[in-house]
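Let's take a walk through this protein together, one feature at a time. Keep the sequence and the 3D view side by side as you read.

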Amino acid sequence: MKDRYLSVDQVAEVLGTSVRFPRRLIAERRITFVKVGRHVRIPESAVDAYIAEHSVEPITSRLKAVA
């Protein structure tokens with residue numbers, strides 16, 4: 001299956017952030033991107049990978065307080 005390439009605006013919408021955040025990820029080389037002429041596109045799989053890498057799982061067990 002082919003990967004979809006998203007615009008910066010689309011990535012911001014997926015992440016629920018402002019456009020500035022994905023632009024910063026690109027500038028800091030923290031996410032994979034493709035230059036198409038003067039346009040920047042981010043593969044949908046790169047967005048999914050970014051979300052997976054930065055997801056925090058909840059703690060399922062708690063330590064009992066020692067009295």
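A search of the whole structure finds 3 salt bridges, a salt bridge being a side-chain nitrogen of Lys or Arg within 4 Å of a carboxyl oxygen of Asp or Glu. Side chains of opposite charge can pair when their charged atoms come close. Before we visit them, please note that this is a predicted model, in which local features need pLDDT of at least 70, side-chain atom pairs count only at pLDDT 80 or more, and totals for chains, interfaces and linings use all residues. Residues are numbered from 1 along each chain as its sequence is written, and side-chain values use heavy atoms, with hydrogens and water left out.

Start with R4 and E44, whose side chains meet in a salt bridge at 3.9 Å, N to O. This pair links distant parts of the chain: R4 is in the segment before β1, E44 is in helix α3, and the two are 40 residues apart. E44 is partly exposed, with a relative accessible area of 31%. On this scale, buried means under 20% relative accessible area, exposed means over 50%, and partly exposed lies in between (1.4 Å probe, protein chains only).

Now look at E28. Its side chain meets that of R24 in a salt bridge of 3.9 Å, N to O, and the side chain of R30 also forms a salt bridge with E28, at 2.8 Å, N to O. Salt bridges that share partners thus join R24, E28 and R30 into one network. R24 counts as partly exposed at 41% relative accessibility, E28 is partly exposed at 42%, and R30 is partly exposed at 40%.

Next, step back to the overall layout. The protein has 3 helices and 3 strands, and along the sequence they follow the pattern β-α-α-β-β-α. Here helices (H or I, at least four residues) and strands (E, at least two) are DSSP runs, numbered from the N terminus. Buried residues make up 24% of the 67 residues. Among contacts between residues at least 6 apart in sequence, 46% join residues at least 24 apart, where contact means heavy atoms within 4.5 Å.

Let's turn to helix α1, which spans residues 8-15 and has V8, V11 and A12 as its buried residues. Seen down the axis of α1, these residues fall within an arc of 100°, so they line one face of the helix; the arc is that of the directions from the helix axis to the C-beta atoms. What do the buried residues of α1 pack against? Their partners are β1 (5-6), α2 (20-27), β3 (39-43) and α3 (44-53). The face of α1 turned away from its buried side carries the exposed residues E13 and V14. Just after α1, G16 takes a positive phi of about 75°.

On the other side of α1 in the sequence, S7 sits in the loop between β1 and α1. S7 is buried, with a relative accessible area of 18%. Not counting residues up to four places away in sequence, S7 touches V40 and R41.

Helix α3 has its own buried residues, A46, V47 and Y50. Viewed down the axis of α3, they fall within an arc of 100°, so they too line one face of their helix. The buried residues of α3 pack against β1, α1, α2 and β3.

Many of these names return in the largest nonpolar core, which has 12 residues: L6, V8, V11, F21, L25, I26, I31, V40, I42, A46, V47 and Y50. Such a core is a set of buried Ala, Val, Leu, Ile, Met, Phe, Trp, Tyr and Cys residues joined through side-chain atoms within 4.5 Å. α1, α2, β3 and α3 each supply at least two residues of this core. Leaving aside its neighbours within four places in sequence, I31 is in contact with L25, I26, I42, A46, V47 and Y50.

Finally, find F21 and Y50, which form an edge-to-face aromatic pair, 6.4 Å centre to centre with 65° between the planes. Rings of Phe, Tyr and Trp (its six-membered ring) pair if their centres lie within 6.5 Å; planes under 30 degrees apart count as stacked, over 60 as edge-to-face and the rest as tilted. The pair links distant parts of the chain, with F21 in helix α2 and Y50 in helix α3, 29 residues apart. Y50 counts as buried, at 11% relative accessibility.
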